[in-house]
Amino acid sequence: MHRWLILILLTLVACQTGRETALQISSPDKSIVLSLALENGSPVYQVSVDGKTLIRPSSLGIALRNQPDFSGPYKLVDHELNAVNESWETVWGQEKHISNHFNGMKILLQESSSTQRYINLHFRAFNDGIAFRYEIPRQAGIDSLFITEERTEFKFSSDAEAWWNEGTYLFDTPEQLYYHTNLSSIDSANTPVTCKTEDGLYISIHEANLTDYAGMILEKDTADPLKFYTSLVPWPDGDKVKTRTPLLTPWRTITIGRNAADLLRSRMILNLNEPNILSDVSWIKPMKYIGIWWGMHINKYTWTQGDRHGATTENTMAYIDFAAKNNIQGVLTEGWNQGWEDWGQDDALNLTTPYDDFDIEAVTKYARDNGVSFIGHHETTANVRSYERQLEDAFAFYADLGIRAVKTGYVGPIKPAGQYHYGQWMVQHFRRVVETAARYNITLDVHEPVKGTGIERTWPNMMTREGGRGQEYNAWSEGNPPNHTTILPFTRLLAGPMDYTPGIFDITFDGYKPENRVHSTLAKQLALMVVLYSPLQMAADLPENYQGQPAFQFVRDLATDWEETRILSAEIGEEVTIARKWQDEWFIGSITNEVARELAFPLSEMIQDSVVAECYADTKASDFKTSPTTIMIASYLATPGDSIKVRLAPGGGLAIRLRPMNANDYSLPLVFNLHSDQLK
Ligand code: NOJ
Ligand code: CA
């Protein structure tokens, strides 16, 4: 179709009503309308879905220290429309191909006051949400910009149910459980903030492509409980962003779904990021990994050298043996380097000097000889200057040893004081690490990271991150209640992959810490490995807890990269069922909160021929509190016409591998029997 024809087909309305100019675009399916008006010369946007207002007229603006704010009055100079309908191929991901389909509009504004500065606004309307960003183009008279606040508002039209955690600058803020309240009860929140409206829409507010800018928090307006505005994380001197023209801010995003599953299907955040810029990606490999890690969290091992040191040459080689035998591609070793006993001191952690009992040359050679990828570890204790001093050497050191993946960590408040994990200075730092790692062909798993905003599309070596309350909390706190993992997919994971570290089999680990435990059944731990997407997916437990466990077969078989993903059922805080395809197999994970429930999902979306369903299910007796490790493992024949009916125990789950049939599978029972077998 010719470009002009596409433009005519766009539902653009440009009308002069008195002194107001209104411009609008709609989503390709026309259901979402995003409009921009100049009210007394100041820009105001609005969003409606199916003809009903979702976001009331909300202001846009940028406040500056070194010059007047960008808040208008403006005159409309021009507007440009574009429409994109394309599909792109992922390097790794929840699917091989992603569709990017939107109508876009760029609005060029100029101040009508004597300053006459220019600012452009970019808007996009997708079928699954809307996004907008500011651009301050290069222009005479403006060079540096010291942003003291971005004045973007989100004025909701009604009070919605919301899932959120507090928006403070503390490093572990995102590592909190989620509140479930009305929107109006939020004071400030981290994004993604996810809501369900009275009209049954599911929406999530976040940002995309956070590059050389400060992360945003949503703050409630004290006068209007349904009005939120962006609050950027500051520098020590109070500035929010120190930059220059041309400036393109991150995208402000509102993902919109008709049901909870739609939020999980949306790839809008990735679509709003730039394409992959790495020419060679052959070294970027999704993988399952185990690690000398949980052992430290449950006090079996120490990070420091001593009697219980985890990261010894011998122990790491034993982990490598276990990985090689069990189709696990990676082994992480924490506590391998000198300095853990000096935690907190400047330059304490030496990222190029192993402990005496850890022969890193021997270990990495052993890993290579056994076809296992050794995963390095850079704990920085958030001493960022110290890390930057070592950065180049630390990555060169690992690259020389053939290491292709590194986990980093930033525990504690950022040093220097007054900088924050989500501030611009750290956004720059985190990106510098991604770029440095890429130069050495190293992939990253970042703990205590900046929030995900989809930059892994551009930098596919930025594979996974924590940035949420993970399994580790079960080792040393009151833990994560069963509903936490049924909220994470709709909140934290909308920002990108999460290194939650599922797969604990010794649920109560009474041999180490009787007062702590995991709050799920064993089947749910397997299911989480499918549900909580991470291209580096950890099987977190100690190898000895996997040894001889029939349920470990699911972990052995599990794939790590996906051609397709299907959301089979979903309700925030209640249950999620996700199916993922790799080659001719599907892996299904289903989880529930503390409530037992029955679910049925048809297989027609996934298979065309009969298959074997290898099921790892809760039994009648399973219960996360009283009988967490009771599990039923059985194989059934399933046809495309079948529905799988299943019972999930309180805090329970279900994991299934669907694989092609062999000649000797004909005698297997039909999948129809699964539910009754569970109840026997
Ligand atoms: C916190 C990380 O989340 C955890 O995985 C790691 O073991 C510790 N920091 C030590 O680096
Ligand atoms: Ca952490």
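How far is an oxygen atom of ligand 1 from an N or O atom in the side chain of His297? I looked that up first, and got 2.9 Å. Note to self: this is a predicted model.

**Ligand 1, continued.** I checked two glutamates next. Glu466 has a side-chain N or O atom 3.0 Å from an oxygen atom of ligand 1. For Glu448, a polar side-chain atom sits 3.2 Å from an oxygen atom of the ligand. Then I looked at cover: ligand 1 on its own exposes 300 Å², and the protein buries 94% of that.

I also pulled the surroundings. There are 13 residues around ligand 1, and the ones coming nearest are Trp293, Glu334, Glu379, Lys407 and His447.

**Calcium ion (ligand 2).** Who holds the calcium ion? I found Glu175, Glu448, Glu466 and Glu472, through OE atoms at 2.3 to 2.8 Å, with Glu466 listed twice. So Glu448 and Glu466 turn up in both of my lists: they coordinate the calcium ion, Glu448 has its contact with ligand 1, and so does Glu466.

I tried to put a geometry on the site. Its 6 donor atoms make angles of 51 to 153°, and the site comes out irregular.

**Along the chain.** I wrote down the donor spacing as E-x272-E-x17-E-x5-E. One pair links distant parts of the chain: Glu175 and Glu466 are 291 residues apart. I placed Glu175 in the loop between β13 (161–164) and β14 (179–182), and Glu466 in the loop between β28 (462–465) and α9 (472–476).

Last lookup: are Glu175 and Glu466 buried or exposed? Both are buried.

Terms used. Residues are numbered from 1 along each chain as its sequence is written. Chains are lettered from A and ligands numbered from 1 in the order in which they are written. This is a predicted model: local features need pLDDT of at least 70, side-chain atom pairs count only at pLDDT 80 or more; totals for chains, interfaces and linings use all residues. Side-chain values use heavy atoms; hydrogens and water are left out. Donors are N, O and S atoms within 2.8 Å of the metal (3.2 Å for Na, K and Ca); water is not among the atoms, so sites may look incomplete. Four donors count as tetrahedral if all angles lie between 85 and 135 degrees; four count as square planar and six as octahedral if opposite donors are over 155 degrees apart and all others between 65 and 115; anything else is irregular. Helices (H or I, at least four residues) and strands (E, at least two) are DSSP runs, numbered from the N terminus. Buried means under 20% relative accessible area, exposed over 50%, partly exposed in between (1.4 Å probe, protein chains only). A residue is near a molecule or strand if one of its heavy atoms lies within 4 Å of it. A polar contact is a pair of N or O atoms within 3.5 Å; within protein, one must be able to donate a hydrogen and the other to accept it, and residues adjacent in sequence count only if both atoms are side-chain atoms. Accessible areas come from the Shrake-Rupley method with a 1.4 Å probe; for residues, only the protein chains shown count as cover.
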